[in-house]
Amino acid sequence: MPEIADIWSYLAQGPLIWLTLTLVAYVVADAVAQFANRAPWANPVLISVLLLAGMLWLTRTPYTTYFEGAQFVHFLLGPATVALAVPLYQQGARLKSAILPVLAGLSAGSVVAVVSALWIAHAMGLSPQLLATLAPKSTTAPVAIGIAQSLGGSTTLAAVLVILTGIVGALIATPLLNALRITDWRARGLSVGVAAHGIGTARAFQVNPTAGAYAGIGMGLNAILTALLAPAILRLFL
Amino acid sequence: MIRALTLILLCQLAGETVSRALALPVPGPVLGMALLWALMSAFAPLARAVVPVGEGILRHLSLLFVPAGVGVVGHVSQLGTQALGLALAILVSTVLAIIAGALAFVAVARLTGSRDA
């Protein structure tokens with residue numbers, strides 16, 4: 001009978017173990033989130049990441065080995081971005097009836113996200129490469145990676161900053177919007193989708209279906225707008 | 001289902017190709033999204049086939065961020081003192097962007113008399 005360590009070293013070579021553990025961590029995290037009544041601090045992305053980071057640390061597995069398995073999940077970000085056409089299509093009639101507020105919220109949120117982030121980072125003395133990496137952090141991951149690459153930033157760090165932005169947005173959105181006394185679910189959803197992309201959108205869907213739909217609209221349109229605006233805004237800070 | 005999935009991948013491929021060929025700042029999947037949106041709006045039967053598959057992919061959108069998120073841990077130690085600047089920029093700009101977006105939406109909705117149906 002083979003030793004457990006032998007079985008581990010066999011499994012650790014292939015992609016199956018880390019692909020499976022990524023899904024297991026997410027299922028556990030989702031159950032925890034459900035148990036906590038979807039409280040914002042019980043964010044499934046945050047919990048899954050902490051679980052997996054702990055497992056990598058305990059087994060001394062390098063991130064590149066982990067990613068060989070997890071890349072199959074990561075790859076789906078591209079098709080998922082394309083699939084954002086579905087909520088946009090479904091919200092077509094709504095979007096038409098609220099086109100001016102949507103465009104106002106989108107432009108304000110998008111410009112403020114990029115300008116304020118770059119202004120703070122510039123004031124804190126961050127390098128131009130970090131500024132280029134930070135500029136697209138409010139857009140969805142595959143888009144942010146693409147923008148960071150074309151601006152001369154770091155693509156892996158861009159993905160990391162996107163995730164952090166999403167988690168921050170998902171955590172603060174409900175208390176922040178309550179404090180502002182904004183009750184329009186469309187405004188609440190759109191602003192979160194623009195500022196905090198997919199993680200914010202996933203959070204908005206948990207809170208209210210209208211908010212989720214508008215968050216999807218905000219995230220989809222902001223991907224296009226930030227791609228167009230970020231290069232020009234970045235030039236102001238270099 | 002397989003046809004809808006094929007169409008989604010074809011849209012992404014077309015988007016990637018156009019984005020590369022014309023050296024556009026807009027990433028391929030975003031062009032693919034715009035293309036799929038246009039196709040769904042033009043052909044209703046096609047939209048009916050794509051909707052359930054697209055909803056299926058988006059239902060667990062959070063899961064798709066996990067692999068990149070695990071990369072956070074390795075980066076934190078490398079950034080050193082710059083990590084503080086990045087954290088502050090992300091925190092403050094996200095708060096400001098949500099406030100600006102929500103207030104701008106509400107203000108213009110009030111001006112134009114737009115209400116949620």
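**Chain B and its contact with chain A**

In this predicted model, 46% of the 117 residues of chain B count as buried. The secondary structure of the chain consists of six helices and zero strands, and along the sequence these elements follow the pattern α-α-α-α-α-α. The radius of gyration of chain B is 20 Å, well over the 13 Å that the globule rule gives for 117 residues, so the chain is more spread out than a compact globule. Taken along the principal axes, the box filled by the C-alpha atoms of chain B comes to roughly 55 × 45 × 30 Å.

The domain assignment divides chain B into domain 1, which covers residues 1–61, and domain 2, which covers residues 80–117. The centres of domain 1 and domain 2 of chain B, taken over C-alpha atoms, are separated by 28 Å. Among the contacts in chain B with a separation of 6 or more, 29% are accounted for by residues 24 or more positions apart.

Chain B also touches chain A, in a contact that takes 64 residues from chain B and 96 residues from chain A. On the side of chain B, the elements that give two or more residues are helix 1 (2–21), helix 2 (28–42), helix 3 (44–59), helix 4 (61–64), helix 5 (66–79) and helix 6 (82–112). Of these, helix 6 of chain B gives the most, with 24 residues. When the residues on this side of chain B are sorted by class, 46 are nonpolar, 16 are polar and two are charged.

Methods. Residues are numbered from 1 along each chain as its sequence is written. Chains are lettered from A and ligands numbered from 1 in the order in which they are written. This is a predicted model: local features need pLDDT of at least 70, side-chain atom pairs count only at pLDDT 80 or more; totals for chains, interfaces and linings use all residues. Helices (H or I, at least four residues) and strands (E, at least two) are DSSP runs, numbered from the N terminus. The radius of gyration is taken over C-alpha atoms; the globule rule is 2.2 Å times the number of residues to the power 0.38. A residue is buried if 20 or more other C-beta atoms lie within 10 Å of its own, exposed if 12 or fewer, and partly exposed in between; C-beta atoms are placed from the backbone. Two residues are in contact if their C-beta atoms, placed from the backbone, lie within 7 Å. Domain bounds come from an automatic or database domain assignment. Ala, Val, Leu, Ile, Met, Phe, Trp, Tyr, Cys and Pro count as nonpolar, Asp, Glu, Lys and Arg as charged, and the others, Gly among them, as polar.
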